[in-house]
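Trainee: Before we begin, could we go through this structure one question at a time, with the reasoning spelled out for each answer?

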Amino acid sequence: MRPARAEELLGQQHLLAPGSPLRRLVEADATAGPARRVGPSSVLLWGPPGVGKTTIAHLVAAAPGRRYRELSAVTAGVKDVRAVIDDARHARNGLEQTQTVLFLDEIHRFSKAQQDALLPAVENRWVVLVAATTENPSFSVVAPLLSRSLVLTLRPLTDDDVRALLERAVDDARGLGGHVRLATEALDHVVRLAGGDARRALTVLEAAAGAALARADADDDEPVEVTLADAEAAVDVAAVRYDRDGDQHYDVASALIKSVRGSDVDAALHYLARMLEAGEDPRFVARRLMISASEDIGMADPTALQTAVAAAQSVALIGMPEARIVLAQAVVHLATAPKSNAAYLGVDAALADVRAGRGGPVPAHLRDAHYAGARAHGHGVGYRYAHDEPHGVARQQYLPDDLADRVYYRPTDRGVEGRLAERLERLRALLGRGAAPGSG
């Protein structure tokens, strides 16, 4: 049932609009001259399972003058990658001048060395690389490959898309070819179980149709009805859906973090369980918790980040199902910890000043004085070494002149940060800057 033309693809129309980079790549003629060969040499498809990543790779490979090769990051090594690249170079330079489309599934599982092995092939256009990942490529793909790639975000299929897919599979000769018909209740149930995943929808349909055909009269030429009971029997366990009542993958992740931020530990554990049961990569959850530990807790409990980092490292080492225990501990710690976003607000305020062009030259006494002639320019002259000063605090100007009185960090009175606020008030007094307004 894999679409053979871009027009048959259900969903992802935001990527395949006429004139879009992906559409041009799909429709390009690899046998045309260089001026006609448009489109990127590398595409990263980021999205959940069953939304068309492999299908898009096949569509790209179906253009004239192209051939398809596939590797899985789960089983392939650097040797396999180089073998495909060498073969692609021979095909490109041979009599037929065939361009190779290399589909690399689950590229986030590739090591840095394995990803680096792809760079020459992408840079020299020996292959058109179409890589698929269910993880944010900003975190899972090396920067040189990321900078040479067009990153496309695929969306989960809508219920209408999945329904159209199932109806097509029932009627199309490539699928069930009119041998069965789907009861409305069965169709709705399979759509619900699919959760926007086309592959899951077709798998459940195939199992349900198999059950219906097994009990049918072999001499009856009429289509066999797939009932709700057939659809329910097709799966052993009810699927946990990210998009129940309209909420999607990122909504559940957002709900987890907002529950942690709101200190509702029970809700946080619920959303954690929901993500894990739906097959979410536990490393994704761990990364979100590390961010929350600094963004939402910060110096109110500095050990929260230590717990989150330790959880991420543990998850990477032990994997599921035991990783659920580690993540649960981290969620409980973060949800019950005192909260502060002061560090988060502080760095954003500093960034806003920098982006607005504020912040003049570094004060001369703070500049590097470790090279010949530095003193002649006044660099380092008058610098006071903090360890030689009373209390270990050197009273001198550290910020540029136009920001000399700027206050970025305003601690709360919660948790450890409450004690830190008192210390910070004394430090700023020793520095001659006074207390931070609203510091608590």
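Trainee: Which residues are linked in a network of salt bridges?

Mentor: Since this is a predicted model, what follows describes computed geometry. One contact in the network is the salt bridge in which the side chains of Glu7 and Arg5 meet, at 3.4 Å from N to O, and another joins Glu8 to Arg174, with the closest N and O atoms 3.9 Å apart. The linked residues are Arg5, Glu7, Glu8, Arg23, Asp172 and Arg174.

Trainee: How many residues apart in sequence are the parts that the pair Glu8 and Arg174 ties together?

Mentor: The two side chains form a salt bridge, the closest N and O atoms being 3.9 Å apart. Because Glu8 lies in the segment before α1 (21-27), whereas Arg174 lies in the loop between α8 (159-171) and β6 (180-182), the parts tied together are separated in sequence by 166 residues.

Trainee: Is Glu8 buried or exposed?

Mentor: The cut-off for a buried residue is a relative accessible area under 20%. Glu8 has a relative accessible area of 16%, and therefore this residue is classed as buried.

Trainee: Which residue forms a salt bridge with Arg163, and where does that residue lie?

Mentor: Arg163 has its closest N and O contact at 3.1 Å in a salt bridge with Asp188. This pair links distant parts of the chain, 25 residues apart, with Arg163 in helix α8 and its partner, Asp188, in helix α9 (residues 184-194).

Trainee: Turning to the strands, how many bridges join strand β2 to β3?

Mentor: Strand β3 (residues 99-105) is mostly covered, with six of its seven residues buried, and β3 also pairs with strand β4 (residues 127-133) in the parallel sense over five bridges. On its pairing with β2 (residues 66-72), the strands again run parallel, and Gln99 in β3 is the bridge partner of Arg66. The number of bridges joining β2 to β3 is seven.

Trainee: Which residue in β4 does Phe103 stand opposite?

Mentor: The pairing to consider is that of β3 with β4, which is parallel and holds five bridges. Within β4, the residue opposite Phe103 is Val130.

Trainee: Which residues gather in a patch of negative charge on the surface?

Mentor: One member, Glu222, is found in the loop between α10 (198-214) and β7 (224-226), and this residue counts as exposed because its relative accessibility is 55%. The residues that make up the patch are Asp217, Asp220, Asp221 and Glu222.

Notes:
Residues numbered from 1 in each chain as written. Predicted model: local features only at pLDDT ≥ 70, side-chain atom pairs only at ≥ 80, totals over all residues. Heavy atoms only, no water. Buried < 20%, exposed > 50% of the residue type's maximum accessible area, 1.4 Å probe, protein only. Helix = DSSP H or I, 4+ residues; strand = E, 2+ residues; numbered from the N terminus. Pairing = 2+ DSSP bridges. Patch = residues over 30% accessible without salt bridge, like charges linked within 9 Å, V, L, I, M, F, W, Y side chains within 5 Å. Areas by Shrake-Rupley, 256 points an atom, 1.4 Å probe, with all protein chains shown as cover. Salt bridge = Lys/Arg side-chain N within 4 Å of Asp/Glu carboxyl O. Lys, Arg positive; Asp, Glu negative; His and termini not counted. Charge placed at Lys NZ, Arg CZ, Asp CG, Glu CD.
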